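Dear colleague,

Please find below the structure that I am handing over to you. My findings follow it, and I would ask you to read them with the structure open beside the text.

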Amino acid sequence: MTTFNVDSRGTACPGPITDLLRAYKKSQNGDTIILLANDPGAVPDTKTWCEMTKNEFAGSKQVEDAFEITVKVASKKA
Amino acid sequence: MAEKGVSIVISSGTEEKMVMLGVLSQTTVNLGMQLRIFVTGTAIPLFLKDGYKKHSVVPAGFDGFMKDLREGLAKVKFEGWHELLQNCVKDGGAKIYVCSLMSSALNIQKKDLDPMVDDLVGATSFMIQSGESQLMVL
């Protein structure tokens with residue numbers, strides 16, 4: 001299991017999701033992606049993306065001036 | 001056979017519309033959806049070879065707003081609409097078409113267009129290809 005740390009602070013829509021996808025492409029099921037972003041749309045956009053793609057939105061929390069968003073990769077095809 | 005996705009008609013080349021085009025395009029590709037863009041009207045000059053490098057068109061009456069927006073976009077590292085569209089073509093297989101009617105009227109040929117443009121097509125081709133896609137007009 002690998003954890004991908006993605007620092008998207010300072011970018012705005014659609015930057016955080018674009019950065020998340022770059023990590024997602026390299027990931028496998030069971031991996032974790034931790035996205036740091038300060039765009040106000042990053043949390044709802046990531047939640048919606050997880051729902052649509054059947055990946056797991058494992059939570060978000062405020063860390064200083066950014067959101068730390070955790071995604072568990074679950075829907076990669078073998 | 002038409003594939004579901006998002007089809008965007010860009011009919012005005014003002015700076016804020018091009019920002020929206022870039023954001024909506026990149027988001028469509030991020031979501032794994034097929035993207036088609038139909039370029040027409042005053043957006044056409046921006047899709048000529050090197051057209052994007054020329055001065056952007058500020059919407060009338062919004063000079064101050066656009067100055068603030070431009071500075072704000074630089075702060076949030078906005079990549080620029082042309083770069084976003086290039087990514088969409090390269091990574092997402094997006095198709096960019098230019099209106100054949102206006103191209104004929106303006107004596108524009110395929111060789112005159114930005115290399116990321118797929119083809120000159122008519123409305124019929126674009127509508128049939130778009131099929132059941134969501135259609136957005138900017």
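Helix 2 (42–53) of chain A lies across strand 2, strand 3 and strand 4 of chain A, and its course makes about 10° with strand 4 of chain A. Please keep in mind that this is a predicted model.

The strands just named belong to an open sheet of chain A, in which 4 strands follow the order 1-2-4-3 with mixed pairing. At the edges stand strand 1 and strand 3 (56–63) of chain A; each has a single partner strand, so one side of each is left without a neighbour in the sheet. From one strand to the next, the twist averages 15°. Strand 3 and strand 4 of chain A run antiparallel and are joined by 7 bridges. Within this pair, A:Gly59 is found opposite A:Thr70 of strand 4.

Helix 1 of chain A also packs on this sheet, where it touches strand 1, strand 2 and strand 4 of chain A; its direction makes about 160° with that of strand 2 of chain A. Does the length of this helix agree with, or depart from, what its residues should span? Helix 1 of chain A has 12 residues, which at 1.5 Å a residue should span 16 Å; the end C-alpha atoms are 17 Å apart, and this agrees.

Which residues of helix 1 of chain A are buried? They are A:Gly15, A:Pro16, A:Ile17, A:Leu20, A:Leu21, A:Ala23 and A:Tyr24. The cover over these buried residues includes strand 1 (3–7), strand 2 (32–37), helix 2 and strand 4 (66–72) of chain A, together with helix 1 of chain B.

That last element leads to the contact between the chains. Chain A gives 10 residues to this contact and chain B gives 8 residues. On the side of chain A that touches chain B, helix 1 (residues 15–26) of chain A supplies the largest share, 4 residues. Sorted by class, this side of chain A holds 6 nonpolar residues, 4 polar residues and no charged residues.

Chain B has a sheet as well. It is open, with 5 strands in the order 4-3-2-1-5 and parallel pairing. Strand 4 and strand 5 (134–137) of chain B stand at its edges with a single partner strand each, so one side of each is left without a neighbour in the sheet. Neighbouring strands here are turned against each other by 25° on average, with direction ignored. Helix 1 (residues 15–30) of chain B packs on this sheet and touches strand 1 (5–10), strand 2 and strand 5 of chain B; its direction makes about 165° with that of strand 1 of chain B.

Strand 3 (residues 95–99) of chain B deserves a closer look. This strand is mostly covered, as 5 of its 5 residues are buried. Strand 3 of chain B runs parallel to strand 2 (residues 34–39) of chain B, and 4 bridges join the two. Strand 3 of chain B also pairs in the parallel sense with strand 4 (residues 119–121) of chain B, over 3 bridges. B:Val98 takes part in both pairings: B:Val98 is the bridge partner of B:Val39, and B:Leu120 in strand 4 is the bridge partner of B:Val98. Between strand 3 and strand 4 of chain B, the chain passes through helix 4 (residues 100–105) of chain B, and this β-α-β crossover is right-handed. In addition, B:Cys99 has B:Val121 of strand 4 of chain B opposite.

Yours sincerely

Notes. Residues are numbered from 1 along each chain as its sequence is written. Chains are lettered from A and ligands numbered from 1 in the order in which they are written. This is a predicted model: local features need pLDDT of at least 70, side-chain atom pairs count only at pLDDT 80 or more; totals for chains, interfaces and linings use all residues. A residue is buried if 20 or more other C-beta atoms lie within 10 Å of its own, exposed if 12 or fewer, and partly exposed in between; C-beta atoms are placed from the backbone. Two strands pair if DSSP finds at least two bridges between them. A crossover is right-handed if, with the strands pointing away from the viewer, the path from the first strand over the helix to the second runs clockwise. Axes are lines fitted to C-alpha atoms, for helices over the stretch in contact, and angles run from 0 to 180 degrees between N-to-C directions. Two residues are in contact if their C-beta atoms, placed from the backbone, lie within 7 Å. Ala, Val, Leu, Ile, Met, Phe, Trp, Tyr, Cys and Pro count as nonpolar, Asp, Glu, Lys and Arg as charged, and the others, Gly among them, as polar. The expected span of a helix is 1.5 Å times one less than its number of residues.
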